[in-house]
Every structure is written in C-alpha cells, then in structure tokens.
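Me: I am new to this structure and should be grateful for a close look at a single part of it. Please take the second largest cavity and explain what surrounds it.

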Amino acid sequence: MVPDIKGSMMNGEIEGEKRGEMEDAKKNDGDGDGVEEGGSGRLQPWTKQITVRGIVASCIIGSIYSIIAMKLNLTTGMTPNMNVSAALLAFVFMRTWTKMLQKSGISSVPFTRHENTMIQTCSVACYSIAIGGGYGSYLLGLNKKTYEMAGGVNSPGTYKEPGVGWMMGYSFLVCFIGLFVLIPLRKVLIVDYKLVFPSGMATAVLINGFHTQGDDMAKKQVKGFAKYFSASFLWGFFQWFFTGKEEDCGFVQFPTFGLKAWKNTFYFDFSMTYVGTGMICPHIVNLSLLIGAVISWGIMWPLIGKNKGDWYPDGLPESSMKSLNGYKAFISIALILGDGLYNFVKILYITSMSVHGRFKNKSLNPVSEKKVSEIELKQNEVFLRENIPMSIGAIGYITLAIIAVIAIPYMFPEVKWYYVIISYIFAPSLAFCNAYGAGLTDINMAYNYGKIGLFMMAAMAGKEDGVVAGMAGCGLVKSVVSVSCILMHDLKTGQLTLTSPRTMLVSQAIGTAIGCLVSPLSFFLFYKAFDIGNPDGEYKAPYAIIYRNLAILGVQGFSALPKHCLDLCYGFFAFAVLINMIKDMLPKKIGKWMPLPICMAVPFLVNAKKADSMVPAVASGLICGEGMWSLPASVLALAKIRPPICMKFFSS
C-alpha cells in the first residue's frame, strides 16, 4: 500500500511540475509545482512560506479541532487521526478566502502547497496538545471527583483540582521540549534510513493532489464540506431543544433497540461527530468497538451484576472501585496493557533488527545504495539545503530541561527534582525508538512510553505520593516522545511537498504554543459547563479513572480489587496478546479483520458506537459542524440557559 501511495505522489508531483512550467506564464495562481520561482529552480525562501494569514488560519482550524478532540476525549476517549482532515480544511479555508478576495477585486499572494503544509502542520501541532496533553486522562485523573470514585484504594489527599494557570504552565513545560529532541537525527531518520512515516506521506499525497488536480475537484470538495458542515451544525442546534435538564433527555439516548437494551446503554445518539469519526477511522476500529461493547455491556456486566453481594458488597454504589466499576476499569486496563506490551515488544524488535541490518549491510557493502529517482534527489536536496543547526536542538533541550527541573516540583511537590532529571536523561533514547518504530509501522507508542514513566515515578515516590507523582510524571515522558514523533511525521510531509524543514519546525513551534493556550481553555469550557467524569453521564472521561488506577496499581498492587477481578484481568491480558499474535501470524487479507484489543477496551467503560476523494470532505464537515455547535452549547450551559424540552422514552 505504501509504495502505491508514494508512486502516485511522485507522479502527481512530476505532472504538477510540468503543468506549472506550461501554465506559469499564463497565470500566477500558486498551483502547478508551487515550488520554483520563474522557472529558475530556486526554492521559495522559508520566511515566505510562513505567512500571517496562514498563522491566523492555523489558529482557527487548530482551535476548532481542539474543541472536537476535547469532546471526544471526555466522552468516548477515542480520537481519530485528523491530519488529512486538517490538510483538507486548510485547503478549503484558504482557497475560499483567496477566491472571495479575487471576486472583491483585491489581489492576494497565491496559495501554494508550502503554505498548505505550513497550516496543516501548525493546526495538527495545536490540536495534538488537546489529544495527548493529558486533559482527558492523567491530568483529569488528579481531580477530586476521580479521587472519590477510586474510593478506598486512594491515599488521603492525593488529588489536585484542575486550574487554567497551572495546566497552561505544565503544557508549555512538558510539550515544547519535545521539539528539540530529534532535530540532530532528522537526516538519519528521513534521508539516510528512508523511513516511510505513512501518515506524513499520506498527508503529502493529499496536499500535492490538491495543488495539481485542478479547480473542478476542489470546488466539489469545498461544496461537500460546506453542505455537511451546515447540516451537522443545524442538527446539533435542533437536538439541543430536547435535552432538558437531565442526562438522559433528548435524541442522545434514543432507544433504537428497545428499552431493555437502552438500560444496558445500547442506544443511538445521532451524533454527527461520531459518524464523521467512523468515516475516517479504519473499519476494523469501528468493528472492534462494537465487539467490545457487546462483550462488556451486553454479556459481562449483566452477568457480574447478578453476583452482587457475593463477588462485591451489596451496599456499594456501582461507581466504586470495589464494586462493578472495579471490574470495568481494571479489565479495560488489562486489555490496554496486553495490547500495548505486545506492540511495544514487537516494534522494539522490528526497530532493533532494522537498525542492526542497516549497520551490517553498511559494514559489508558500503556502496550498496539503491538508485534514487530525480524527484527523490530534489526532495533530499531541498530537505538538507536549509540546515537546522544541531546546537539549536542541544541548547533548547538542555535549557527547557533545567526550567522543568525547577518548575515541575513547584507545581507538584510529590515530584522530586531528580525524578525530572532521570526522565529527561532517558527521554531522547525513548523518543528515537518511538520515532523509528512509527516511521516503519505508523504506530505512535507514546502512550506506552508514558506508562513507563507513570509506573517508574509511582514506584520511586512510594505509597503516600506515588499516585500524584506517577500521573504528573507520565506527561514528562509521554509529551517528549509524542511531540518529537509528530514533528518527524511533519518533516516527512515537508520533504515530500518540498517545504523547508525550517518552516516545518517553526510551524510546529507556533502550533504547540497555540495548543498550550487553547487546550486548557477548551478543556475548561467543557469542565465548567458539563458534569465531567460522571460514569452515568455523557462526559464519562473514561481514561481519567484508568490512569488513576494505573498509578494506584503502581504503588499499592492488586490488594484492593473485588473478588475474581484479578483472574479476569489475567484472562483478558492473555486474550489481548493472543489476538495480536494470531493477527500477525495470519495472512494479511485475513489478519486485517481481527479485532484490535485496545479499541475493544474502550467500550468496557464507555459504550459508544461509531457508525474516495469526497470522504475526507464529508467526514470533516460532519465532525466540524457538530464540533462548532459544542462551543455555543457550552456557553449556554455556563449562562445557565437550559433547553425548554426534555424528551424521554417510557414503556407503554
């Protein structure tokens, strides 16, 4: 699949260049090759690739996707890869803007693929903070409500309430440092090792396609996006009138399969966000979620509930960790750990074997280099022409690490200064392993490296401080590993669209800064307006309790679990490993239909169902429309303006 993508991208690039040479004299619209000026072969300076209008567009797009990602984080806990969607929205936004200016008689600078790449990079960096910054997981798991839900397995007072100030500061401290880790190794990973980074390559294919396919398809995509954006926004507005004051009012709990199924959380919520997300996600993700929902809410929880009074005390609420929620939380953790550990070992093995093979081949036959095409030579030349000094990476990393060593213990007294030093000593090697593995497999394993940091910190801090130290320390490792990997994906996109690496680094930095400001604000928009963390409500925030229980597991072990919970955890851990082994052993045509354990794990806590050129446009419109409605809905909730009607369903 990857060679086909690369081939189509190369063909599109070459066709675009020929078209650019033929049409450059006729019009100056920024299409064609979008690279050379006046046919001289000179690359557009990187300072011209970053524009004010591009930064403004990035702020708008990044903020929209941050709100969408935050909603998904706090409801299902699952967020799809929206890189392609962001690239499309950047193209739609800028092309519409430039056309409007032209019709108004105002001349504007041509919109090129470089600017498209810059906006996409900046937007993705922005909303990536909302996805991976811990707002729906380890940072939210520090709050008092999650502390109380964990019940008797907590140490007294081990919580910290969310606050805009400390969350912004924490995000700046732990996220920015990731930009500087792999700068010295960008040539090794992308040019020397020729790693594919499939998501980065797919985004480049899309951007190159936008600027070579002509106006007809562009117009269709713009119309498709606008149509489904409007429909999704208006549908969200219409539904609001029927949601009343209670959690189970409105279309969001429509008893499609009957009231008995509705009581076990099998219903349809008419959410266009999930429909659009399902269109973007691979089919196997949707299938895995459905299988997980049927096994957990359809079979296991009703059966375990019948043993109430025997397996766990009768008088405890279901939300207690010593009650039914203990089974929900720890079985999902077992699935996640089993899947994560298997893939972690697998990717480390692939990485080590690949690196070993490269060194071996180099030593035996140093001249055994594959012939590269003319376009690849051009890409490599552009990628290496504007060098990013190694000193920038070293100075940036050391400076930010020193600041973090001072500031993190101030924010979290449970985290000692030497914990931070230890984390940042190991982080560069972990970041390299993760980026190399992602370049081969397209799997970002940052959440697994974050769990290593969590368990390490929890164990070092001990029983009294371990829970807070573990969750706060998780972000130290996870953010470095995640941000550096995202940067490598974007640098790959930049290489294939002939965009300067300096442009990519600066765009990523701008997007990260915007994300560190926007993400806490979008989190508090939901946190103040809705009942976040309520296991019976819409905003269950499933990963908050999962991460808190991981930290508790790191310091207290399994002693507090209800009866037979540990046995079930062992079984599902083994099941996750076995499914992955079978998936890898079977032929690809069959193995691709094996369910993904990590996706199956989500419905164990949250029963959420998610139902070629035009698919990104339609899906983006559906996601963005309802995502935009979340903003006025939150404002109305904060202003205590309630919907006038509560629509509910009862047995006849």
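Reply:

**The second largest cavity and its surroundings**

In this predicted model, the lining of the second largest cavity consists of S128, I129, G132, G133, C175, S479, S482, V483 and I486. The space inside the second largest cavity amounts to about 60 Å³. Two helices, α5 (113–132) and α18 (446–496), each contribute at least two residues to this lining. The greatest share comes from α18, which provides 4 residues.

One of the lining residues, C175, leads to a further helix. C175 is among the buried residues of α7, together with W166, M167, M168, Y170, S171, L173 and V174. Helix α7 covers residues 164–175, and its end C-alpha atoms lie 16 Å apart; because 12 residues at 1.5 Å a residue should span 16 Å, the two values agree.

Helix α9 may be set beside this account. Its residues 198–210 number 13, and the helix reaches 18 Å from first C-alpha to last, close to the 18 Å expected at 1.5 Å a residue. Helix α9 is mostly covered, with 10 of its 13 residues buried. Among them are P198, G200, M201, L206, I207 and F210.

The surface offers another view of the model. There, L287, L290, V294, I299, L303 and W593 make a nonpolar patch of about 530 Å². Of these, L290 belongs to helix α13 (residues 283–305). L290 has a relative accessible area of 42%, and is therefore classed as partly exposed, since that class lies between the limits of 20% and 50%.

Methods. Residues are numbered from 1 along each chain as its sequence is written. This is a predicted model: local features need pLDDT of at least 70, side-chain atom pairs count only at pLDDT 80 or more; totals for chains, interfaces and linings use all residues. Side-chain values use heavy atoms; hydrogens and water are left out. Patches are made of residues with over 30% relative accessible area and no salt bridge: like charges are joined within 9 Å, nonpolar side chains (Val, Leu, Ile, Met, Phe, Trp, Tyr) within 5 Å. Accessible areas come from the Shrake-Rupley method with a 1.4 Å probe; for residues, only the protein chains shown count as cover. A salt bridge is a side-chain nitrogen of Lys or Arg within 4 Å of a carboxyl oxygen of Asp or Glu. Buried means under 20% relative accessible area, exposed over 50%, partly exposed in between (1.4 Å probe, protein chains only). The expected span of a helix is 1.5 Å times one less than its number of residues. On a 1 Å grid over the protein atoms alone, a cavity is a set of points where a 1.4 Å probe fits but cannot get out, and a pocket is an open set with protein on both sides within 12 Å along at least five of seven lines; lining residues have an atom within 4 Å of a point. Grid points are joined across faces, edges and corners, and a volume is the space filled by probe spheres set on the points.
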